[in-house]
Every structure is written in C-alpha cells, then in structure tokens.
Amino acid sequence: MATPARALGWILAALSAIGLAAAPAAAEFPDRVVTIIVPYAAGGPSDTVGRILAEAMGAKLGQQVIVENVGGASGTLGAARVAKAEADGYTLLLHTSAHATNSLLYRKLAYGSHENFAPIGVATTTPMILVGRQDLPPATASEVFDYIRANKDQVTYGHAGIGGPSHLCGMLLMSKLDSQITTVPYKGTGPAMTDLLGGQIDLLCDQATSTLPQIRGGKVKAYAVAAPQRLPELPELPTMAEAGLAGFETTVWLGLYAPKDTPAEVVGKLSATLQASLAMPEVSSRLRDLETSVASPEAATPDGLRQALAAETAKWEPLIKAAGVYAD
C-alpha cells in the first residue's frame, strides 16, 4: 500500500504531465501582424517601396505585414522606435543608407546604427540625379559645374535635411568643386522639388524615383547621374565622373533591420522571406516602375547589409568630419 507521501507524489506528477500535455506548443514565427517602420512620411519613395515589400512578404509569411510611418529628424525618430522595440521580429525598420551616416552626424542619438540593430538584408538601390530649375542658364553638367564655381554666393541647393542622401550629395558636390553654396533644408525632397519647380531654388540632387518624372515632363533640367553607369532610361545623361567629377557616386539603398538580440532563426526567416519577395517578377516589375532596382541575392542577406552599412559609414565619415557638419 502506498504511503500518503508517495501517493501525493504520484498525484502531483500526474497533474504535471496533464499540464504539460495541455500547454500549447510554442507558436511559430510569425503568429501575428508584423510592422515595418518607415522613418519617413507617407507617399515618398521609401514608403512606396515599403508597402510593396510588406505586401509581398506578408504573402510569403502567411501573416499580415503593415507599414507604419514614423517620420522626422532624418529618419532617426523611426529608427529609435525600432531600437527600443521587443526583439521578437514583429517590429522592423526599413531605412535608407542615411542610417549609416546618421551615426556620424548626430552626436546625441538614442541608439547606435551598428550596435542596436540586427541586419536582415538590403532591399533596393536607387541612383541619384543632379537636377536644376528649368530656367537655370547652364545646359550641361560641365557648364553647371563652372556656373557653381563662378556664382557660388548666389547658387542655392535644396535638400531634405542633414544626413539625408540629398544633403550628402550636395556636400560631395561642394567638396569636389571646392565651392561652398547656400543650402536650403526642407522636411523632405518633395517640398524641395516643389520649390525647384517654382524657381525658388537652383539645384537639387534626388533619387531617380522622384526626378525622372519631372525630367521626362521637361519641368527640370537634368545634369548628371551620380552612379557608376548611365541610366538605361536616360542614356544621353552622363555620369558625374564622365562630366568631370571622378569618384562622384551617391546611390540610395534601403535596408531592412530588426532590433538587436532578435533570435537568429527569426532573422534568418525574415531574410529568406525578403529574398524570396525580391525574386518575385511582379515585385521587381513594380520596383522598376519606380526607377529602383532589387538588391542582389548576396546583398539581401544579413552579411550583405552589414557590409553595406560599414562601407557607407567609411565612405562618408572623412567628408562629414572635414565639413564639421553635425545635427544636435
């Protein structure tokens, strides 16, 4: 006959076994909505790409993926939101290459661009084009470079805020020409383009996504593309190097990140989903319509994004330090 103590032990063991059997198995990621934070306003190039990716990745994951716009301070507000989010893969960041340079420009960031994120992969790349108001006198890139050198005190250049690709493109232009011109910050390249169309500013360097429609419409003058090769859409437009500014390349890429310490298996699944989404013909077609290109399979990986982030930081750090430009 079992002793009371032994009987109690059997009962407890049985209850424990029943409890374990009744406990639900660990849910497989994802089992709820995934949010991609785009740190820029709705309607811009990054937002549009984010929504295309969200739709495709949601279909691949079998869960809804939504975009939330958290704009402001050159993308640092949205990045800070993700840096502080739960490291579970349900809150992601889709940021431009400015994510690398913000760590150089902002001395009081609430996060580290390298330290506080788990890279998932590069999603897209887009070249920048230097454009001018329609009635600006120079007709060619070499002429506009001479015009800037001769009229630097009168020339105005618009950009979307310190640290953004349009700002860095202008900094590189001034450095290559050894000419300081008046820069006019805006809350986005959309307002800057509006003022360029209205003749309030002279020059703007912006993504092909935004500039090509205006170029094709004859509303702005296109001078040069800041890419290694000419664009198939504008074969007559020279590269900055061909126009006389060797080494002038400014390409905007978008990278997808999770908060640091996100489980490796979750990061791996998100990266594989990103790669599969970019390989979908309908996705690449929609992105081509935006004048942007899908990243290579090698770039659309955690290591690919990690390398891109490091290379971007190394590229711009000397110029930023030499210029002494900081955003507090």
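**Exercise 1. Find how β4 and β10 are joined, and how many bridges do it.**

Start with the two stretches in this predicted model: strand β10 covers residues 293-294, and strand β4 covers residues 117-133. Next, look at the direction: β4 and β10 run antiparallel. Now count the links, and you get 2 bridges. To pin down one spot, go to T125, which stands opposite S293 in β10.

**Exercise 2. Work out which other strands pair with β4, and with how many bridges.**

Take the partners one by one.

- Strand β9 (residues 251-259) pairs with β4 in the antiparallel sense, over 9 bridges. Here T126 has V252 as its bridge partner.
- Strand β7 (residues 203-207) is joined to β4 by 5 bridges, and the two run antiparallel.
- Strand β8 (residues 220-225) is also antiparallel to β4, again with 5 bridges.

Now zoom in on V131. In β7, V131 stands opposite L204. In β8, the bridge partner of V131 is A222.

**Exercise 3. Decide whether β4 is mostly covered or mostly open.**

Count the residues of β4 first: there are 17. A residue is called buried when its relative accessible area is under 20%. By that rule, 16 of the 17 are buried, so β4 is mostly covered.

**Exercise 4. Place S46, then say whether it is buried or exposed.**

Step one is the address: S46 sits in helix α2, which spans residues 45-61. Step two is the area: S46 has a relative accessible area of 7%. Step three is the comparison with the cut-off: buried means under 20%, so S46 is buried.

Who is around it? Skip the neighbours within four places in sequence, and S46 is in contact with V38, Y40, L94, T96 and L254. One of these, L254, falls within β9, which runs over residues 251-259.

**Exercise 5. Sketch the whole chain in a few numbers.**

Begin with the parts list: the protein chain has 11 helices and 10 strands. Its C-alpha atoms fill a box of roughly 105 × 40 × 30 Å along the principal axes. Of the 328 residues, 50% are buried.

Then check the surface: the chain exposes about 14800 Å², with carbon and sulfur atoms supplying 55% of that. For contacts between residues at least 6 apart in sequence, 79% join residues at least 24 apart.

Finish with charge: there are 24 positive and 30 negative side chains, and the centres of the two sets lie 4 Å apart.

Conventions: Residues are numbered from 1 along each chain as its sequence is written. This is a predicted model: local features need pLDDT of at least 70, side-chain atom pairs count only at pLDDT 80 or more; totals for chains, interfaces and linings use all residues. Side-chain values use heavy atoms; hydrogens and water are left out. Helices (H or I, at least four residues) and strands (E, at least two) are DSSP runs, numbered from the N terminus. Buried means under 20% relative accessible area, exposed over 50%, partly exposed in between (1.4 Å probe, protein chains only). Contact means heavy atoms within 4.5 Å. Two strands pair if DSSP finds at least two bridges between them. Accessible areas come from the Shrake-Rupley method with a 1.4 Å probe; for residues, only the protein chains shown count as cover. Lys and Arg count as positive and Asp and Glu as negative; His and the chain ends are not counted. The place of a charge is taken as NZ of Lys, CZ of Arg, CG of Asp or CD of Glu.
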